[in-house]
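Subject: Structure handover

Hi,

Here is the structure I promised you. Please load it before you read on.

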Amino acid sequence: MFSRIAARNFSSSAANAYKVSILGAAGGIGQPLSLLLKLNGKVTDLSLYDLKLAKGVAADLSHIPTKSVVHGFTLADDGLSRALQNADVVLIPAGVPRKPGMTRDDLFNTNASIVKGLAEACAENCPSAAICVISNPVNSTVPIVREVLKRKGVFNPQKLFGVTTLDTLRANRFISEIVGSDPAREDVSVVGGHSGVTIVPLISQTQYSDTIPKEKADALIQRIQHGGDEVVKAKDGAGSATLSMAQAGARFAGSVLSGLAGEQDVLEATYIDSPLFKDEGIEFFASRVTLGPQGVKEIHGLGLLSVAEEDMIATAKETLRKNIKKGIDFVKANA
Ligand SMILES: NC(=O)C1=CN([C@@H]2O[C@H](COP(=O)(O)OP(=O)(O)OC[C@H]3O[C@@H](n4cnc5c(N)ncnc54)[C@H](O)[C@@H]3O)[C@@H](O)[C@H]2O)C=CC1
Ligand SMILES: O=C([O-])CC(=O)C(=O)O
């Protein structure tokens, strides 16, 4: 009884009282992500939206005795608008996942219009929310969201994020397997984007740069870049990473909420509208940022790179340039 009354009395955006909306909440990522956010003590309103099953997922999670109230919405009764109104943070894992043999870019044709439609709804219903895009291809879907928000006059570069946290988690796990460390204590910086060669782990900046032999370091980089393929292959046609992605998304959303709540030194790598390579025409880039009450507080540079890493960044930029243009062109063509 106490917790229900207390939860009702929280007003959104007061410290540790936030509304989080998940679009695509009944999917492979959406369900465990919703569970993990139900366990986050900063969330007081958890709104779940999907074309199907969102009400069932919400009913299920609503029995967990944490302070958030959970609501489920589908298309009926203006569900998308209601799911988004007054949201502080929106997570978007809506869209189709890969099957073996596909690249993330192969998802563009289906997911671009899904993400565009959801971005329009965000612009209309929660223009100040932090929007965290999980749907692939992230390198292109984040530019799509930016273009939609710009056209609606509500784009805030501090509050649009491509979620690349799974690359960081993989890097931390995989490096720990080589050096025999506690993976929870590793903190590899992974920059660039979220697909193949655009994923650039900066191994030279770890304490192991001199101890991991070159052959092993090369294999480690390859494994981080293609971690998603490992899961797609193992799931054999039934989808891509969902559980590790849910953990990654919950960690990222948790960090965004910590920033909003004014906690200090909240650092995450994320794919954002970034000044780092804008003069070369690369408008989005993933790097570490400090998160704060307004979203992105500080964008950190890449730091000292090895010659091999400089080359990897150059390669990543060429692919990113095309991926970003594809997203922007899609919105222009479908305005
Ligand atoms: N950023 C990252 O690191 C990662 C991204 N992904 C991407 O996340 C996306 C989702 O993956 P899964 O959850 O495995 O797929 P899934 O197919 O299991 O779930 C997707 C959900 O989105 C819903 N959906 C589709 N269109 C929608 C719309 N217009 N509005 C609301 N909901 C809608 C579906 O009903 C379904 O429940 C894929 O694009 C996948 O590639 C996956 C893993 C990692
Ligand atoms: O590989 C995929 O298609 C899903 C994804 O983005 C990942 O697991 O990193």
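Below are the notes on domains, ligand shells, helix packing and backbone.

This is a predicted model: local features need pLDDT of at least 70, side-chain atom pairs count only at pLDDT 80 or more, and totals for chains, interfaces and linings use all residues. Residues are numbered from 1 along each chain as its sequence is written, while chains are lettered from A and ligands numbered from 1 in the order in which they are written.

Domains

Both annotations come from UniProt. The unreviewed entry lists "domain: Lactate/malate dehydrogenase N-terminal" for residues 19-162. It lists "domain: Lactate/malate dehydrogenase C-terminal" for residues 164-330. UniProt positions are in the numbering used here, feature names are shortened, and annotations may be inferred rather than shown by experiment.

Residues 19-162 are 38% helix and 19% strand, with the end C-alpha atoms 19 Å apart. Residues 164-330 are 47% helix and 17% strand, and there the end C-alpha atoms are 22 Å apart. Helices (H or I, at least four residues) and strands (E, at least two) are DSSP runs, numbered from the N terminus.

Ligand shells

A residue belongs to a shell if its C-beta atom, placed from the backbone, lies within 6 Å of the ligand. Ligand 1 is surrounded by 34 residues, and the closest are Gly 24, Gly 27, Gly 28, Ile 29 and Asn 136. Helix α5 (residues 108-125) gives the most, four residues. The shell has 18 nonpolar, 13 polar and three charged residues. Here Ala, Val, Leu, Ile, Met, Phe, Trp, Tyr, Cys and Pro count as nonpolar, Asp, Glu, Lys and Arg as charged, and the others, Gly among them, as polar.

The shell of ligand 2 includes Arg 98, Arg 104, Asn 136 and Ser 240. Helix α9 (residues 227-235) supplies the largest share, four residues. The split is five nonpolar, four polar and two charged.

Helix packing

α5 packs on α6 at about 35°, with the axes 9 Å apart. Axes are lines fitted to C-alpha atoms, for helices over the stretch in contact, and angles run from 0 to 180 degrees between N-to-C directions. The crossing of α5 and α6 is right-handed (the near helix is turned clockwise from the far one by less than a right angle). Contacts (C-beta atoms, placed from the backbone, within 7 Å) involve Phe 108, Val 115 and Ala 119 of α5, among others, and Ile 144 and Val 148 of α6, among others. By class, that contact has nine nonpolar, three polar and two charged residues.

Helix α6 (residues 138-151) also meets helix α11 (residues 307-333): the axes come within 8 Å and cross at roughly 40°. That makes α6 oblique to α11 (neither under 35 nor over 145 degrees, and outside 65 to 115). This crossing of α6 and α11 is right-handed too. Ile 144 and Val 148 are among the α6 residues in contact, with Leu 320, Ile 324 and Phe 330 among those in α11. The contact of α6 with α11 has eight nonpolar, five polar and two charged residues.

Backbone

Most residues other than glycine have a negative phi, and most peptide bonds are trans. Two sites to look at:

- The peptide bond from Asn 136 to Pro 137 is cis, with omega near -5°. Pro 137 sits in the loop between β5 (130-133) and α6.
- Leu 53 is not a glycine, yet its phi is positive, about 65°. Leu 53 lies in the loop between β2 (43-49) and α3 (54-61).

Best wishes

Terms used: Two residues are in contact if their C-beta atoms, placed from the backbone, lie within 7 Å.
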